Amino acid sequence: MSDKKSCTLTRRSFIGRTAVATGVLSLGGGLWGASVNPADAQEQEYDYVICGAGSAGCVLANRLSEDGAKVLLIEAGGPDTSEKISTPMRLIELWGTQYDWGYQTVPQEHAANRQLFWPRGKTLGGSSSLNGMIYVRGNASDYDEWAREFGCEGWDYESVLPYFKKSEDFSRGADAYHGAGGPLHVTADYEPHPVTRAMVEAAQEAGHPLNEDTNGTQQDGVAYVDLNTRDGKRVSTAVAFLRPALERENLTLITDARVLNVEFDGDRATGVRYLQEDEVRSVRAAREVIVSGGAIESPRILMMSGLGPRAHLEEVGIEVRRDLPGVGQNLNDHTLCPVIFEGAREIPAPSDMAITVLHAHLFARSKPSLPGPDMQPLFFHVPYYTPEMEQPTANAFTFNASGVRPASHGEIRLTGASIDDQLHIDPKVLSDPHDVDILVQSIRQMREIAAQPALAEWKGREIFPGEDVQSDEDLAEYARSAVMSYHHQNGTCAMGTGEMSVVDPELRVHGVGGLRVVDASVFPRVMAGNTNAPVIMVAEKAADMIKAAHG
């Protein structure tokens, strides 16, 4: 394990580290695909240059190359060849390795002045090669709000549902809400851990309905998670979308190459500069440059290209090409806060077929009048300690209290004009008291579930927050001391029509031509749930819009 300030997910198996060779055009459990001299790439002109081979970039590379367009995909990380990536139970081992950007926030004033660790994928597949593989779309009301409140015409739920279905290969088959035969396999049925099964039963005893499909007609209720896995292996977007697309001669992939900035001719993007093997290279885009670096790297690329808040860019010595005050603003993330119980008896180790340590979650509303859930607690059959916590035992399980409609918003800023300068990442976690109140309510809800008969044989003492922490004030103090990231960063290049929006509803950067952003940074407001499936949907829809724009 890395010595970075990551969270500790304890259960016998999370140790070790594997070095991996880097290369060009290689994927999966071994090396394959055509080899290319990276220097040759800069001598060519491509129809599309995609910056980032993450959850969105892999989808775009597949869809834009399927009709013969000449596509270049540039990835800062290396190949996804590690068994830690393909083996779901080993995901925590990836944190702090060469596959992880390993971001740190600045000290959070409203979270006990702690720096929060933000693992983000730096390899083919991006964070879909590093995440918990949970397939959640969010609530229908989230997308309707995008269209209604932010002017994002065509992004209401009825309009985006076909794109969720287009990608999907649902293990239960197609229906009104699900697709079958798409590139992205979704596993809905597996044998849950016995403690997780008891946690789900306890939630039902506490009055929460069992929901067989939180991506269907209704999101509320307790459920076993859907997973992007197949036959016990991770299905990242690199596996699902990029791997088959690399068989095409018109798709070129360059790994271990850091995009420095977008290049322009007047107000039109014409290509990018990138750094590889200590050499700066350029490549041209005949049609469009597409930035898909994620919620943290995409605003960096835009600002390094002179697109961002004028005063900030001038402060760090970057020539302003377009004053876009919203770049790097509107930083959103969901919150988690662990409620940990010692096992009253020995908790069984995960079986070889367990897939992950996370098999269940709950969608709930803090008040009935809300259009959708604002809490999404996660159920772990292992302890999930923060770096600051004492860790008295590995024989424990965790209810993670959670808020998924945050009122707190932060920002990402540059600290200098070099690509190597550390970013200033300030999500302003829990700066709005509403978010603290939601976590307090969620903690109480988790305690109520834990007190049910179904967990009687498993539940020992409450380790955290501890049975002596009872008042709202004390629980709020605990929440500030233990809040963690849910790893759902988004919103920093927001879509919309207002003055703080960065891209329009077709994801084109305001005020310049030939440039789009396609990733979680374009969310005008985060959905209630995990963000990987929505990013894939955004990329599917973006690919169709891009194709339509170019005939």
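I looked up Phe164 first and found it buried, with a relative accessible area of 1%, where buried means under 20% relative accessible area with a 1.4 Å probe and protein chains only. The model is predicted, so I kept in mind that local features need pLDDT of at least 70 and side-chain atom pairs pLDDT 80 or more, whereas totals for chains, interfaces and linings use all residues. Residues are numbered from 1 along each chain as its sequence is written, and side-chain values use heavy atoms, without hydrogens and water.

I then turned to Tyr143, which is buried at 0% relative accessible area, and noted that its ring centre lies 5.9 Å from that of Phe164 with the planes at 70°, so the pair is edge-to-face. For rings of Phe, Tyr and Trp (its six-membered ring), a pair needs centres within 6.5 Å, and planes over 60 degrees apart count as edge-to-face. This pair links distant parts of the chain, Tyr143 being in helix α4 and Phe164 in helix α5 (residues 157–167), 21 residues apart; helices here are DSSP runs (H or I) of at least four residues, numbered from the N terminus.

Next I checked the aromatic pairs as a set, and the structure holds 13 of them. Among them, Tyr143 and Trp146 are edge-to-face, 5.1 Å centre to centre with 70° between the planes. Because they stand three residues apart in helix α4 (residues 140–150), about one helical turn separates them. Trp146 is also buried, at 0% relative accessibility. I closed the entry with the cluster that ring pairs build from Tyr143, Trp146, Trp155, Tyr157, Phe164 and Phe523.

Methods
Rings of Phe, Tyr and Trp (its six-membered ring) pair if their centres lie within 6.5 Å; planes under 30 degrees apart count as stacked, over 60 as edge-to-face and the rest as tilted. Helices (H or I, at least four residues) and strands (E, at least two) are DSSP runs, numbered from the N terminus. Buried means under 20% relative accessible area, exposed over 50%, partly exposed in between (1.4 Å probe, protein chains only).
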